[in-house]
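Thanks for passing this one along. Here are my notes, as numbered points you can check against the coordinates.

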Amino acid sequence: MPRIAAIFTFNRILLLIFIFVLGVALAFYFEYYYRVLVVDLYKRFHPGQFILFGKYFHFPGGWFVSAFGLFGMLLTGFLFEQRKKLLKLLITVILFFLSTTAIVYADSSYQLAACTACNDGKLTLSLRDIPYDLYFYASLFISLLPVFIMAFNKRKQS
């Protein structure tokens with residue numbers, strides 16, 4: 001019997017490694033679209049108040065890519081033991097986009113409020129000045145919190 005449990009654990013470890021590598025690959029693909037989403041949110045929340053210049057060309061950093069791979073790995077690991085996996089995954093995705101939206105709104109509003117050298121209330125901002133990675137890390141962390149809390153509450157009750 002212990003041998004079956006060891007194989008099952010080995011399969012889980014292989015799955016988690018695969019999820020990490022898949023997350024890294026997806027991070028390379030979706031990083032551009034995440035940046036476009038953040039810039040679009042800047043424009044939608046404060047129309048005409050930001051003058052954005054620069055190009056979108058950017059190569060994803062190691063921390064960005066690693067964070068998404070680690071996020072996928074942690075989410076998969078926490079969902080192994082839980083029921084209603086699809087519902088919790090959907091909640092995590094929705095929470096990710098909601099937290100990104102809230103963080104971008106708060107930060108862009110703060111940047112406009114703190115602007116002392118604005119011309120007619122318009123802030124000129126380079127696309128490189130927007131902290132995309134910070135928004136991404138905070139959103140990943142916030143979206144993972146409910147699953148994390150549910151996993152530890154379940155272990156605590158057992």
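The points below go through a helix pair, two pockets and one alanine.

1. First, a reminder: this is a predicted model. Please read every value here as computed from that predicted model.

2. Start with the pairing of α2 and α3. Helix α2 covers residues 62-79 and helix α3 covers residues 85-114. Their axes sit 11 Å apart, and the packing angle is about 150°. As for handedness, α2 and α3 cross in a right-handed way.

3. Which residues make that contact? On the α2 side you'll find Phe71, Leu75 and Leu79, and they meet Lys85, Lys88, Leu89 and Thr92 of α3. Sorted by class, the α2 contact with α3 comes to four nonpolar residues, one polar and two charged.

4. Now the largest pocket. Its volume comes out at about 480 Å³. The lining has 23 residues, and those nearest the centre of the pocket are Phe30, Phe68, Phe71, Val93 and Phe96. Phe71 may ring a bell, as this residue is also part of the α2 contact with α3.

5. Where does the lining of the largest pocket come from? Each of α1 (2-45), α2, α3 and α4 (132-157) supplies at least two residues. The biggest share belongs to α1, which puts in ten residues. By class, the lining of this pocket splits into 18 nonpolar residues, four polar and one charged.

6. The second largest pocket is next, with a volume of about 180 Å³. Its lining is made up of Ala67, Leu70, Phe71, Leu74, Tyr137, Leu140, Phe141 and Leu144. Here α2 and α4 are the elements giving two or more residues. For anyone setting up probes, the class count for this lining is eight nonpolar, no polar and no charged. Phe71 turns up again in this list, having already appeared among the residues nearest the centre of the largest pocket.

7. Last, alanine 151, which is located in helix α4. Is alanine 151 buried or exposed? Its relative accessibility is 7%, so alanine 151 counts as buried, given that the cut-off for buried is under 20%.

8. What does alanine 151 touch? Leaving aside residues up to four places away in sequence, alanine 151 is in contact with Phe78 and Gln82. If you want a distance to check, take alanine 151 and leucine 98: they are 53 residues apart in sequence, and their C-alpha atoms are 22 Å apart in space.

Technical notes:
Residues are numbered from 1 along each chain as its sequence is written. This is a predicted model: local features need pLDDT of at least 70, side-chain atom pairs count only at pLDDT 80 or more; totals for chains, interfaces and linings use all residues. Side-chain values use heavy atoms; hydrogens and water are left out. Axes are lines fitted to C-alpha atoms, for helices over the stretch in contact, and angles run from 0 to 180 degrees between N-to-C directions. Helices (H or I, at least four residues) and strands (E, at least two) are DSSP runs, numbered from the N terminus. A crossing is left-handed if the near helix is turned anticlockwise from the far one by less than a right angle, and right-handed if clockwise. Contact means heavy atoms within 4.5 Å. Ala, Val, Leu, Ile, Met, Phe, Trp, Tyr, Cys and Pro count as nonpolar, Asp, Glu, Lys and Arg as charged, and the others, Gly among them, as polar. On a 1 Å grid over the protein atoms alone, a cavity is a set of points where a 1.4 Å probe fits but cannot get out, and a pocket is an open set with protein on both sides within 12 Å along at least five of seven lines; lining residues have an atom within 4 Å of a point. Grid points are joined across faces, edges and corners, and a volume is the space filled by probe spheres set on the points. Buried means under 20% relative accessible area, exposed over 50%, partly exposed in between (1.4 Å probe, protein chains only).
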